[in-house]
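Reader: I'm in my first year and I keep meeting words like "buried" and "domain" without knowing where they come from. Could we go through one protein and check the words against the numbers?

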Amino acid sequence: MLTQLKVGQFRCFEKFQTQFDPGINLVVGPNAHGKTSLLEAACLLLRLQTPRTNRLSDVIRHGERGLLVDGHFNGAHLQFYYSAQRKKLALDSVEQRTASEYLRRGRVVWFSNSDVELIRDGAEVRRRFLDFIAAQVNPPYRKSLRDYEKCLRSRNLLLKAPVPRWREIHAFDEPLIAAGEQLISARHSLLTALRPLAQLAHANISGAREKLDLEYLPNASAPLAAALSAARPEDTRLRMTTAGPHRDDLQLLLAGAPATFGSEGQQRTLVLALRLAAARLLEAHHGEPPLLLLDDIFGELDLSRRSALLQQLPKNAQQIITTTRREWLPSDLEARVLDLENP
Ligand SMILES: Nc1ncnc2c1ncn2[C@@H]1O[C@H](COP(=O)(O)OP(=O)(O)OP(=O)(O)O)[C@@H](O)[C@H]1O
Ligand SMILES: [Mg+2]
């Protein structure tokens, strides 16, 4: 569990520190008091990324050069400093050259009131969801993803040249394919493991009204090498790599129809089920539940979904729940309260 969190020059905070308890922690405060920012800091500390942005420079307090997050998780002291010039990671005060040992310490599932984006937005948010979970289930996934993205950027840059030089472009094919095959295979396994857990969570929250299904939609037909060479005319025309897992999607179905047709409530239930399934999967895989970060989701749910969700959350998981209004929560909820308006 996360016992202590300190932040410096992080979003609206110049300096802030707090303690957390095992079980439920409530972060309460009016809008724009830094509730989501605190969850982001916890997520950044454990996973070195935040679901709110791909650019860490957004998270540095305006006008400052670098941010710091520092905390204790399961007895390990984690520290991360980030600026445009420099990244520094330390585990128990020992500076780390790579993130792999550091990232083995903590796992996170993030629930947010904007999770319906997973249904309504483009494929990128769904890939990000899969990537975030896959890297926590299977740590080498992160390296495959980075290798793949690096080759893809280089290959795309060469494709932009007025006359693409194919010999140079092909030099990236082999590492691109190697990393890409890893991603595809890991995403297949992830979906196989996630599907029954999501269906169960969904049945428990919705009272088993309609069946949820998840389908992995790989962009490239196997094997990737053949798909890549078949895409050469298209790549030349569009001046970018058009085949590969950077264009994969996750299809979400309710009673056999795309979830985009679902009602507001159906869509919210579906995304909750997905997040719960991710929490269950990480718990089963690592023998302990992830840290659960719940950003302002209770106001969006009706009473029955609210209590179903609270019951479905892994019992022994540490939870940090933000809310503007405590009325959403059951009055008998036992929790540590952090009031950002009156600290
Ligand atoms: N890089 C940044 N530097 C300084 N301030 C920032 C930065 N990014 C965001 N903020 C500000 O931080 C404040 C807190 O934002 P945050 O999203 O954490 O609030 P919140 O308490 O979750 O609010 P809400 O209840 O509306 O969700 C906002 O006023 C926001 O404009
Ligand atoms: Mg917020």
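Author: Sure, here is a round of questions and answers about this structure, which is a predicted model.

Reader: Let's start with the whole thing. What makes the protein as compact as a globular protein of that length?

Author: First, the parts: there are 11 helices and 14 strands in the protein. Its radius of gyration is 21 Å, and the globule rule gives 20 Å for 343 residues; the two values are close, so the protein counts as compact as a globular protein of that length. Along the principal axes, the C-alpha trace spans about 65 × 50 × 35 Å. As for burial, 38% of the 343 residues count as buried. And if you take contacts between residues at least 6 apart in sequence, 73% of them join residues at least 24 apart.

Reader: How do you know which residues belong to which domain?

Author: That comes from the domain assignment, which gives domain 1 as 1-106 + 290-343 and domain 2 as 117-284. Over C-alpha atoms, the centres of domain 1 and domain 2 are 26 Å apart. The contact between them takes 15 residues from domain 1 and 14 residues from domain 2.

Reader: Which helices each supply at least two residues of the side of domain 1 that touches domain 2?

Author: Helix H2 (100-103) and helix H11 (303-312) do. H11 gives the largest share of that side, with 4 residues. Sorted by class, the side of domain 1 that touches domain 2 has 9 nonpolar, 2 polar and 4 charged residues.

Reader: Now exposure. Why is Glu 215 called exposed?

Author: Count the other C-beta atoms within 10 Å of its own: Glu 215 has 11, and the label "exposed" needs 12 or fewer, so Glu 215 is exposed. You'll find Glu 215 in strand S9 (residues 212-217). Setting aside neighbours within four places in sequence, Glu 215 is in contact with Gln 251 and Leu 253. Leu 310 is another matter: its C-alpha atom is separated by 27 Å from that of Glu 215, and the two residues are 95 apart along the chain.

Reader: Then is Asp 296 buried or exposed, and how do you know?

Author: Asp 296 has 21 other C-beta atoms within 10 Å, and 20 or more makes a residue buried, so Asp 296 is buried. It's found in the loop between strand S12 (291-295) and H11. Its phi is near 60°, a positive value in a residue other than glycine.

Reader: What makes Ala 255 partly exposed?

Author: Ala 255 has 13 other C-beta atoms within 10 Å; that falls between the 12 or fewer of an exposed residue and the 20 or more of a buried one, so partly exposed is the right label. Ala 255 sits in the loop between S10 and S11, and its phi is near 50°, again positive in a residue other than glycine.

Reader: You mentioned S9 and S10. How do you know that they pair?

Author: Two strands pair if there are at least two bridges between them, and S9 is joined to strand S10 (residues 249-254) by 6, so they pair. They run antiparallel. One bridge partner to look up is Leu 254 in S10, which goes with Leu 212.

Reader: Why are S9 and S11 called edge strands?

Author: They belong to an open sheet of 3 strands with the order S9-S10-S11 and antiparallel pairing. S9 and strand S11 (257-258) are the edge strands: each pairs on one side only.

Reader: And what do S1 and S2 form?

Author: A hairpin, with 2 residues between the strands. Strand S1 (residues 2-10) and strand S2 (residues 13-19) pair in the antiparallel sense over 6 bridges. Leu 5, for instance, has Thr 18 in S2 as its bridge partner. In the turn, Arg 11 has a positive phi of about 45°.

Reader: Which peptide bond is cis?

Author: The one from Ala 222 to Pro 223, with omega near -10°. Pro 223 has its place in the loop between S9 and helix H8 (224-230).

Reader: Last one: what surrounds ligand 1?

Author: A shell of 17 residues, of which the closest are Cys 12, Asn 31, Lys 35, Thr 36 and Ser 37. By class, this shell has 4 nonpolar, 8 polar and 5 charged residues.

Key. Residues are numbered from 1 along each chain as its sequence is written. Chains are lettered from A and ligands numbered from 1 in the order in which they are written. This is a predicted model: local features need pLDDT of at least 70, side-chain atom pairs count only at pLDDT 80 or more; totals for chains, interfaces and linings use all residues. A residue is near a molecule or strand if its C-beta atom, placed from the backbone, lies within 6 Å of it. Ala, Val, Leu, Ile, Met, Phe, Trp, Tyr, Cys and Pro count as nonpolar, Asp, Glu, Lys and Arg as charged, and the others, Gly among them, as polar. Two residues are in contact if their C-beta atoms, placed from the backbone, lie within 7 Å. The radius of gyration is taken over C-alpha atoms; the globule rule is 2.2 Å times the number of residues to the power 0.38. Domain bounds come from an automatic or database domain assignment.
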